[in-house]
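Please read this report with the model open beside it. It covers the fold, a few residues, the pockets and the surface.

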Amino acid sequence: MYCILLLAAVLVTVLHPWWLIAPLAFLIGGFCTRSASRAAIIGFAAVFTAWLACACYYSLPNHQLLATRMAGFFLLPNAWTLIITAAIPGALTGGLSAASGVLVRAMFKRNKPV
């Protein structure tokens, strides 16, 4: 699940709005994992890695000029702190969405009383 979500998250992050990570993680988590806690951890790690990679891809070619200025604006010590801090909201979105996918699937799979 990690590799699938990582590749999909990178493609979605580069080509589409940031919030498409949530339905993507919801669907992949719902279909690929049985445990909500495992889905949350894998979703968090995959989206964190994807956003960190995309932030580095955009920041390193220009020698972190914009990231350094934004870090100074937010009173952060350096550009790397900003890059890691920026990946955390996406990671939380991915983790919670993946766990929600597993829980929704479990809700519809339960046997209904007669």
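Buried means under 20% relative accessible area, exposed means over 50%, and partly exposed is in between, with a 1.4 Å probe and protein chains only. This is a predicted model, in which local features need pLDDT of at least 70, side-chain atom pairs count only at pLDDT 80 or more, and totals for chains, interfaces and linings use all residues. Residues are numbered from 1 along each chain as its sequence is written, and side-chain values use heavy atoms, with hydrogens and water left out.

**Fold**

The protein chain has five helices and zero strands. Its order from the N terminus is α-α-α-α-α. Helices (H or I, at least four residues) and strands (E, at least two) are DSSP runs, numbered from the N terminus. The C-alpha trace spans about 65 × 25 × 20 Å along its principal axes. Of the 114 residues in the protein chain, 34% are buried.

**Selected residues**

The table places five residues and gives their accessibility.

| Residue | Place | Relative accessibility | Class |
|---|---|---|---|
| Ala 46 | helix H3 | 0% | buried |
| Tyr 57 | helix H3 | 58% | exposed |
| Gln 64 | loop between H3 and H4 | 12% | buried |
| Leu 75 | loop between H4 and H5 | 75% | exposed |
| Asn 78 | loop between H4 and H5 | 36% | partly exposed |

Ala 46 and Ile 4 are 42 residues apart in sequence. Their C-alpha atoms lie 8.8 Å apart in space. Asn 78 and Ala 40 are 38 residues apart along the chain, and 29 Å separates their C-alpha atoms.

Two loop residues deserve a look at their backbone. Gln 64 has a positive phi, near 55°, and is not a glycine. Gln 64 counts as buried because its relative accessible area is 12%. Leu 75 is not a glycine either, and its phi is positive at about 60°. Leu 75 has a relative accessible area of 75%, so it counts as exposed.

**Largest pocket**

How much space lies in the largest pocket? The volume is about 320 Å³. The closest residues to its centre are Ala 55, Tyr 58, Ser 59, Ile 83 and Ala 86, out of 14 that line it. Helix H3 (36-59), helix H4 (65-73) and helix H5 (79-109) each give two or more residues to the lining. H3 supplies the largest share, five residues.

The pocket search runs on a 1 Å grid over the protein atoms alone. A pocket is an open set of points with protein on both sides within 12 Å along at least five of seven lines, and lining residues have an atom within 4 Å of a point. A volume is the space filled by probe spheres set on the points.

The lining holds eleven nonpolar residues, three polar and no charged. Here Ala, Val, Leu, Ile, Met, Phe, Trp, Tyr, Cys and Pro count as nonpolar, Asp, Glu, Lys and Arg as charged, and the others, Gly among them, as polar.

**Nonpolar patch**

Leu 11, Val 14, Leu 15, Tyr 57 and Tyr 58 form a nonpolar patch on the surface. Together they have about 590 Å² of accessible area, computed by the Shrake-Rupley method with a 1.4 Å probe. Helix H1 (2-15) and H3 each give two or more residues to the patch. H1 gives the most, with three. Patch residues have over 30% relative accessible area and no salt bridge, and nonpolar side chains are joined within 5 Å. A salt bridge is a side-chain nitrogen of Lys or Arg within 4 Å of a carboxyl oxygen of Asp or Glu.

Terms used:
1 Å grid on protein atoms, 1.4 Å probe; cavity = no way out; pocket = protein on both sides within 12 Å on 5 of 7 lines; lining within 4 Å. Patch = residues over 30% accessible without salt bridge, like charges linked within 9 Å, V, L, I, M, F, W, Y side chains within 5 Å.
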